[in-house]
Amino acid sequence: MSSSSSYIVLPGETVPAQHVNLKLGPGLLQVISEISESSIISTRAGTVNHSANKSKWWVESNSKRYIPAAQESVVGIVAGKSGLDGWRVDIGSAHFAILDGLAFEGASKRNKANLKVNSLVYARVSLAHKDMEPELECFDAQTRKSAGFGELKGGFLVRCSLQMCRQLLDPKHFLLPFLGSRFPLEVAVGTNGRVWISSKEVKQTIAMTRCIEAADPAGGAMDERALKSFFNTLDL
Amino acid sequence: MRPPSPSLPEREFLLQALHQSLRLDGRAMLEARTPTLTFGPEMGWVDCQMGKTRVLAHTTATMVKPQPERPLEGTITIHSEISPMASSAGEYDSGRPSDEEITITRMLDKVVRRSDAVDKESLCILAGERVWALRLTIHCLADSGNLLDCACLAAIVSLRHFRRPDVEVIGSDVTVHAPTERAPVPLSIHHTPFCNTFAFFPPSPSSIAAQDSQDPLSSPLQIPILDPSHLEQRLCTGTLSIALNAQREICVLQKLGGVPLGAEEVLLAVEVAVRRAKEMNEWVDGRLREDWEGRKGSVEVR
């Protein structure tokens with residue numbers, strides 16, 4: 001996806017992004033001033049990337065604090081009830097997110113989803129506005145099917161950097177296919193620095209946890225070869 | 001915002017793993033992380049890392065007039081601070097100190113100051129007129145479990161590493177020699193206490209049942225682990241911190257959390273702590289010697 005012309009920017013720098021159908025990703029802002037035309041500036045430090053036809057631009061950087069963005073999948077911890085039929089969910093952002101009790105597959109006024117405090121949910125951010133609390137949903141709003149979202153039972157939660165999460169979502173990244181070739185596993189990757197993992201054996205889950213931490217750019221930062229030899233040192 | 005507690009799957013999995021004697025980072029139950037010490041350009045500047053837990057300690061000395069009731073003793077003050085950046089979960093607010101912060105501050109005071117690790121009388125320059133006032137500043141930079149042990153290690157190594165300028169007293173005239181002129185003097189340290197924290201977890205239901213059938217009166221043993229990680233610390237039923245030196249003298253023994261512990265459980269922990277304190281003492285001595293050898297060009301060494 002990223003082109004060879006990626007370079008580093010600091011917040012406030014002008015980015016030469018121009019296209020008739022320009023789409024700005026995270027870390028970029030359009031500034032409209034009275035004298036000149038609108039220009040694009042960066043709002044965070046990182047490397048600027050753009051798609052092959054230069055219509056989509058974004059800034060890639062690593063952090064631990066999640067800033068919610070609509071349509072992203074996240075792993076949240078239920079922190080408590082909110083109102084009559086909703087939950088407050090901790091997704092690692094500055095504020096709790098609201099998860100409506102009706103935003104589940106097959107939920108109705110009579111038959112609401114039942115979540116315990118401290119349980120894990122895999123959800124999609126349905127609303128992210130800088131002045132409002134984020135909102136989550138556990139179904140596809142059009143089809144009203146769960147589409148893989150919902151409560152996560154059993155397994156374990158790994159916390160990693162945001163960049164690691166995005167890498168895990170990339171189908172071309174080596175880690176998950178490699179682990180999957182060694183033992184059967186289940187994974188739910190949230191973009192908020194949380195990865196839920198599950199496998200049959202405790203040892204396998206621990207091995208997954210350690211591999212994710214070892215491959216994390218903010219941790220061990222191991223590449224494919226180093227990770228494979230690290231995996232072989234683990235006692236399974 | 002209150003820090004969110006660990007989720008149910010995390011709790012269940014951790015207990016399940018511990019009941020199979022497995023820890024999430026691959027350590028053995030009574031194995032601690034290997035600390036890393038980095039010394040700064042100044043004497044007394046130490047960066048101590050245990051895994052991702054990181055503490056910075058810095059010792060400085062100034063000359064002051066002693067307290068009138070103790071004219072022959074210098075003073076030591078400890079300033080500790082946990083940066084709100086230390087945890088991404090928002091556990092440490094800047095304004096109001098959390099319970100853990102208070103525990104660490106009090107424990108440091110007990111381990112470093114009240115155990116008389118530093119000879120305060122040797123800090124006296126001129127009786128009733130001039131003494132050294134030591135200031136030990138501790139910055140907790142990152143918390144990924146067992147901040148207390150890391151802070152104690154950083155504090156004591158900083159005091160051992162620190163060297164004050166040499167002073168000459170003729171009559172009532174005090175001359176302070178620059179470090180390039182005369183070798184700075186290390187503090188006179190009585191002993192080096194090391195803190196070891198154990199976290200306790202409830203035994204598995206099957207072992208409780210086995211214990212009950214044998215002897216219904218005795219309570220089943222708790223599972224101890226050394227040097228708990230952040231998650232282990234959050235989920236344990238209680239912790240036991242033992243500060244002792246290589247001479248097997250216990251300085252502080254602090255038990256937090258409501259879980260009742262039997263004498264044999266405490267003695268087992270003390271055994272482990274004694275072994276570890278001896279190892280740590282040798283290791284710290286070695287590291288300090290290494291660093292001092294490397295400094296020979298920059299400071300005058302006699």
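In chain B of this predicted model, helix H3 (residues 147–161) and helix H6 (residues 263–294) have axes that come within 11 Å and cross at roughly 45°. That angle makes H3(B) oblique to H6(B), and the crossing in which H3(B) passes H6(B) is right-handed. The points below look at the residues behind this crossing, then turn to chain A and to a helix pair that joins the two chains.

**The helix pair within chain B**

- On the side of H3(B), the residues that take part are B:Leu153, B:Val157, B:Arg160 and B:His161, and they meet B:Met280, B:Asn281, B:Val284, B:Asp285, B:Leu288 and B:Asp291 of H6(B).
- Sorted by class, the residues in the contact of H3(B) with H6(B) comprise five nonpolar, two polar and three charged ones.

**Chain A as a whole**

- Chain A contains four helices and 16 strands, and its C-alpha atoms fill a box of roughly 60 × 50 × 30 Å along the principal axes.
- The chain is divided into domain 1, covering residues 7–60, domain 2, covering 72–152, and domain 3, covering 156–233.
- Between the centres of domain 1 and domain 2 of chain A, taken over C-alpha atoms, there is a separation of 32 Å.
- Of the 236 residues in chain A, 43% are buried.
- When contacts in chain A between residues at least 6 apart in sequence are considered, 60% of them join residues that are at least 24 apart.

**Helix H1 of chain A and its surroundings**

- Helix H1 of chain A spans residues 162–169, and its buried residues are A:Leu162, A:Gln163, A:Met164, A:Cys165 and A:Leu168.
- These buried residues of H1(A) pack against several elements of chain A, namely the strands E7 (56–60), E15 (185–189) and E16 (194–199), together with the helices H2 (175–182) and H3 (202–215).

**A helix pair between chains A and B**

- Helix H3 of chain A, one of the elements that the buried residues of H1(A) pack against, also packs with helix H1 of chain B (residues 8–19), at an angle of about 115° and with the two axes 10 Å apart.
- In this pair, H3(A) passes H1(B) in a left-handed crossing.
- The contact is made by A:Val202, A:Thr205 and A:Ile206 from H3(A), and by B:Phe13, B:Gln16 and B:Ala17 from H1(B).
- By class, the residues in the contact of H3(A) with H1(B) are four nonpolar and two polar, with no charged residues.

Terms used:
Residues are numbered from 1 along each chain as its sequence is written. Chains are lettered from A and ligands numbered from 1 in the order in which they are written. This is a predicted model: local features need pLDDT of at least 70, side-chain atom pairs count only at pLDDT 80 or more; totals for chains, interfaces and linings use all residues. Side-chain values use heavy atoms; hydrogens and water are left out. Buried means under 20% relative accessible area, exposed over 50%, partly exposed in between (1.4 Å probe, protein chains only). Contact means heavy atoms within 4.5 Å. Axes are lines fitted to C-alpha atoms, for helices over the stretch in contact, and angles run from 0 to 180 degrees between N-to-C directions. Angles under 35 degrees count as roughly parallel, over 145 as roughly antiparallel, 65 to 115 as roughly perpendicular and the rest as oblique. A crossing is left-handed if the near helix is turned anticlockwise from the far one by less than a right angle, and right-handed if clockwise. Ala, Val, Leu, Ile, Met, Phe, Trp, Tyr, Cys and Pro count as nonpolar, Asp, Glu, Lys and Arg as charged, and the others, Gly among them, as polar. Domain bounds come from an automatic or database domain assignment.
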